[in-house]
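Me: I am new to this structure and would like a close look at a single part of it, namely the pairs that charged side chains make. Please start with the cysteines, and then take me through those pairs one after another.

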Amino acid sequence: MSSLNVDVHELIAWGLDEYPYRNSAMGLRSKEFAKQVERAQQRLAEREGHTSCPALLAEEKESIDHLLAECRQRSDLRAEYEGLDWTLGVVDLRRLLAFQRRLVFSAVQHAPHIPQQDDWPQLLSLTIGLQRSTEHHFVGNGSATGDLDISLHSSNPDLQLRLNLNEDRSGYLPLSLYGGSPFFEVAELRGRWFLRDGYHRAYRLLQAGVHRIPAVVIYARTFEEIGATEQWFFCEEQLFSDRPPRVIDFLDADLVLRYERAALRKVIRIRVEESLEPFDEADGVKGEEI
């Protein structure tokens, strides 16, 4: 695989969405692709129906509760899940459902070190201790009119520019970069357990035979709190069907289509425009006289 390409693993037994990269990759072997989809759907039809099985592991949680107690005090963890009903626990990856259709792997990104199954401090470091990168390339372009175009380019698809109005940043713009949640997240809704965040780590862990891991556990009150709201995710009907997609299905070659596509980057564009406007006293803002 070229460093300019990425390797896509896509679950194909639950119907396909509109994804132009797949269509172009499969264009030259459409008949072979159609047969692979048919085989995957047949494999799924032969599978036993879903049975409710809690993903939480009470005994393992109790054994490492002293480690989890330290994590619960972290301010970044509390801020991330403010307003949600959450806790920390230990889950079985094999019992989690998947709402993501695709995993994307880059040739230039190194796979994380996978600890042994019972190395709880290292597993906690992998699932609760990581920080997402905010590394980016800054591009600024001025114009003759004084306008300024700013672009931030990043390989992290979850990079965001956030407004922090509650922080005391006297003399500075209340802006900060956020790399996305670094925490391994599981959500429960209506008796079903979903992997909310951490799909690539889950794939590597299952590959290595590690399936019991610490995680943030969210008791969702709505489907939206699961996080499966993007149009490219599996829909609610599929996730609550008799044979829903599971995280462990990404390791089943009969259910997965693999192909390459061009690597993408996240671009955040900001345009700064200057103007003079009538002062509105209702704004409560004092400006300089001109």
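Reply: A disulfide is a pair of cysteine sulfur atoms within 2.5 Å, and in this predicted model the number of disulfides is zero. Among the cysteines, Cys53 is partly exposed, with a relative accessibility of 34%, whereas Cys71 is buried at 11%.

Turning to the charged side chains, it helps to recall that those of opposite charge can pair when their charged atoms come close. Across the whole structure, a search finds 22 salt bridges. One of them joins Arg47 to Asp249, whose closest N and O atoms are 2.8 Å apart, and both of these residues are buried. Arg47 sits in the loop between helix 2 and helix 3, while Asp249 sits in the loop between helix 8 and strand 12, so this salt bridge ties together parts that are 202 residues apart in sequence.

Another salt bridge links Glu236 with Arg190, with 3.1 Å between the closest N and O atoms. Because Glu236 belongs to helix 8 and Arg190 to the loop between strand 9 and strand 10, the pair connects parts 46 residues apart in sequence. Here Glu236 is partly exposed, at 33% relative accessibility, and Arg190 is exposed, at 52%.

Asp65 and Lys61 also meet through their side chains in a salt bridge, at 3.4 Å from N to O; Asp65 is partly exposed at 28% relative accessibility, and Lys61 is likewise partly exposed, at 26%. Finally, salt bridges can be followed through a network that links Glu10, Asp17, Arg22, Arg101 and Arg102.

Technical notes
Residues numbered from 1 in each chain as written. Predicted model: local features only at pLDDT ≥ 70, side-chain atom pairs only at ≥ 80, totals over all residues. Heavy atoms only, no water. Buried < 20%, exposed > 50% of the residue type's maximum accessible area, 1.4 Å probe, protein only. Salt bridge = Lys/Arg side-chain N within 4 Å of Asp/Glu carboxyl O. Helix = DSSP H or I, 4+ residues; strand = E, 2+ residues; numbered from the N terminus.
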